[in-house]
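Hi,

Here is the structure I promised to pass on to you. Have a look at it first, and then read my notes below.

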Amino acid sequence: MTQPLRVGLAGAGWVTSHHLAGWRALEGQAAVVAIADPNIANAEARAREFGIARVFASAQEMLDAMPLDAVDVAAPREFHAAIVRAAAERGLAVLCQKPLAPTLAEARALADEVAPRCRLMVHENWRFRPCYRDLAGWLAEGRIGDVVQASMTLMTSGLLPDEAGRLPALERQPFIAGLERALVMEILIHHIDTLRFLLGELTLVHARLGRASPAMRGEDRAFLSFETMLQAPVALLANLSVHGRAPAQADRLTLVGTKGTIELENDTLRCLGAQPAELRYDLPACYLASYAATIAHFVEGVRNGRAFETEPADNLRTLALVEAVYRQQETASEAFLDRTRRIAD
């Protein structure tokens with residue numbers, strides 16, 4: 001019988017509870033045998049909760065001390081490259097949270113450097129949500145024909161104070177407040193990747209970002225437009241300070257095709273037209289399932305030598321679109337300042 005993969009987890013932050021639940025679902029195929037985080041109290045708490053035998057204060061210490069087969073990198077983005085390189089030096093397979101690195105250039109350099117020495121997959125779990133896998137199946141069946149328009153929105157009140165004066169989005173992920181590149185790099189990167197997964201390669205047409213919350217360093221609203229390879233327009237609109245919306249994230253997606261329409265709204269996925277269908281989901285379970293499916297895909301690829309769906313070559317195309325968004329926003333901001341100066345003169 002093949003022995004379970006021995007996995008070391010780098011990071012003990014909020015997201016790692018979802019990672020560890022995904023690993024636990026693969027009992028017999030893989031086991032997290034060590035966890036590392038500079039916040040040793042967090043690492044110890046995760047170890048107690050999930051029965052992890054060894055705890056370390058750094059990923060380097062864990063790699064030096066433990067015989068591992070794979071590393072799951074769930075540390076902040078600025079530490080990804082160093083941990084991936086250290087694991088690659090030992091020839092270990094690596095599953096690394098998105099983004100692979102803080103910038104596209106760094107991510108490309110990292111992917112090229114480690115490619116000869118390790119199997120590397122980017123942990124991009126959004127596209128592994130059951131609703132999006134089912135939606136992709138409907139598209140593959142040709143239920144709505146060619147997609148001619150698409151619209152995706154993420155509207156929440158997460159940055160509006162609740163009854164206690166707290167900001168729900170920052171209660172859940174406090175680190176977002178300090179990010180210079182916030183909404184697009186941390187959240188909408190998932191949606192851009194999912195749109196690529198569903199519709200094929202995209203080209204950025206227009207991008208505008210803004211910030212409403214004084215609690216945020218970076219942007220908290222965005223309007224992005226893309227085109228598919230068939231020149232179908234795709235709109236992505238997001239705002240974390242919307243009155244009347246729930247604080248939790250819930251995607252809304254409409255795909256208009258030549259033969260029908262697909263709509264995802266809250267917990268319901270519908271196909272309208274000649275081949276109608278409707279599916280409902282338990283959203284919290286759907287979210288957790290995306291982590292388990294991502295990790296299962298990684299383990300299967302490591303064991304069978306199959307290509308990863310979100311290997312660096314694919315994920316870098318998502319990151320290139322994210323980089324293009326910030327570059328276009330910087331250009332627009334510079335043009336606005338130039339116009340303002342000319343008017344003042």
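Before anything else, a word on pairing: two strands count as paired if DSSP finds at least two bridges between them. Keep in mind, too, that this is a predicted model.

With that in hand, take strands β12 (residues 260-265) and β13 (residues 268-273), which pair in the antiparallel sense over six bridges. If you want a spot to click on, Thr261 sits opposite Leu272 of β13.

Those two strands belong to an open sheet of eight strands, in the order β8-β9-β10-β7-β11-β12-β13-β14, and the pairing in this sheet is mixed. At the edges are β8 (202-210) and β14 (277-280), each of which pairs on one side only. From one strand to the next, the twist averages 10°.

Which helices pack on this sheet? One of them is α6 (residues 130-140), which touches β7 (147-155), β11 (252-257), β12, β13 and β14. The direction of α6 makes about 15° with that of β13. Helix α8 (residues 183-199) packs on the sheet as well, and its contacts are with β7, β8, β9 (221-228), β10 and β11. Here the angle is about 25°, taken between the directions of α8 and β9.

One residue of this sheet that I looked at is Asn239, in strand β10 (residues 233-239). Is Asn239 buried or exposed? Its relative accessible area is 18%, so it counts as buried, the cut-off being under 20%. A polar atom of the Asn239 side chain lies 2.8 Å from the backbone nitrogen of Ser241. Setting aside neighbours within four places in sequence, Asn239 is in contact with Leu154, Met155, Thr156, Asp220 and Arg221.

Next, the cysteines. How many disulfides are there? The count comes to zero, with a disulfide taken as a pair of cysteine sulfur atoms within 2.5 Å. Cys131 is in no disulfide, and the nearest cysteine sulfur to it, that of Cys286, is 4.2 Å away. Seen from the other side, the closest cysteine sulfur to that of Cys286 is in Cys131, and 4.2 Å is too far for a bond. Both cysteines are covered: Cys131 is buried at 7% relative accessibility, and Cys286 is buried with a relative accessible area of 6%.

Now go back towards the start of the chain. Strand β1 (residues 5-10) runs parallel to β2, and six bridges join them. Leu9 is opposite Ile35 in β2. Together, β1, helix α1 (residues 16-24) and β2 form a right-handed β-α-β unit. From β2 the chain then crosses through helix α2 (residues 40-50) to β3, in a β-α-β crossover that is again right-handed. β2 and strand β3 (residues 54-56) are parallel, with three bridges between them. Ile35 turns up here too, since its bridge partner in β3 is Val55. As for strand β2 itself (residues 30-36), it is mostly covered, with five of its seven residues buried.

In the loop between α1 and β2 you will find Leu26. Leu26 has a relative accessibility of 7%, so it counts as buried. What does Leu26 touch, leaving aside its neighbours within four places in sequence? Its contacts are Ile295, Ala296 and Val299. The C-alpha atoms of Leu26 and Leu5 are separated by 10.0 Å, and the two residues are 21 residues apart along the chain.

The last residue on my list is Arg77, in the loop between β4 (70-73) and α4 (80-89). Arg77 is buried, because its relative accessibility is 12% and the cut-off is under 20%. Its side chain makes a polar contact with the side chain of Glu186, at 3.0 Å. Not counting residues up to four places away in sequence, Arg77 touches Pro99, Ala101, Pro102, Leu179, Arg181, Met185 and Glu186. Of these, Pro102 is 25 residues away along the chain, yet the C-alpha atoms of Arg77 and Pro102 are separated by 6.0 Å.

Cheers

Notes. Residues are numbered from 1 along each chain as its sequence is written. This is a predicted model: local features need pLDDT of at least 70, side-chain atom pairs count only at pLDDT 80 or more; totals for chains, interfaces and linings use all residues. Side-chain values use heavy atoms; hydrogens and water are left out. Helices (H or I, at least four residues) and strands (E, at least two) are DSSP runs, numbered from the N terminus. Buried means under 20% relative accessible area, exposed over 50%, partly exposed in between (1.4 Å probe, protein chains only). A polar contact is a pair of N or O atoms within 3.5 Å; within protein, one must be able to donate a hydrogen and the other to accept it, and residues adjacent in sequence count only if both atoms are side-chain atoms. Contact means heavy atoms within 4.5 Å. Axes are lines fitted to C-alpha atoms, for helices over the stretch in contact, and angles run from 0 to 180 degrees between N-to-C directions. A crossover is right-handed if, with the strands pointing away from the viewer, the path from the first strand over the helix to the second runs clockwise.
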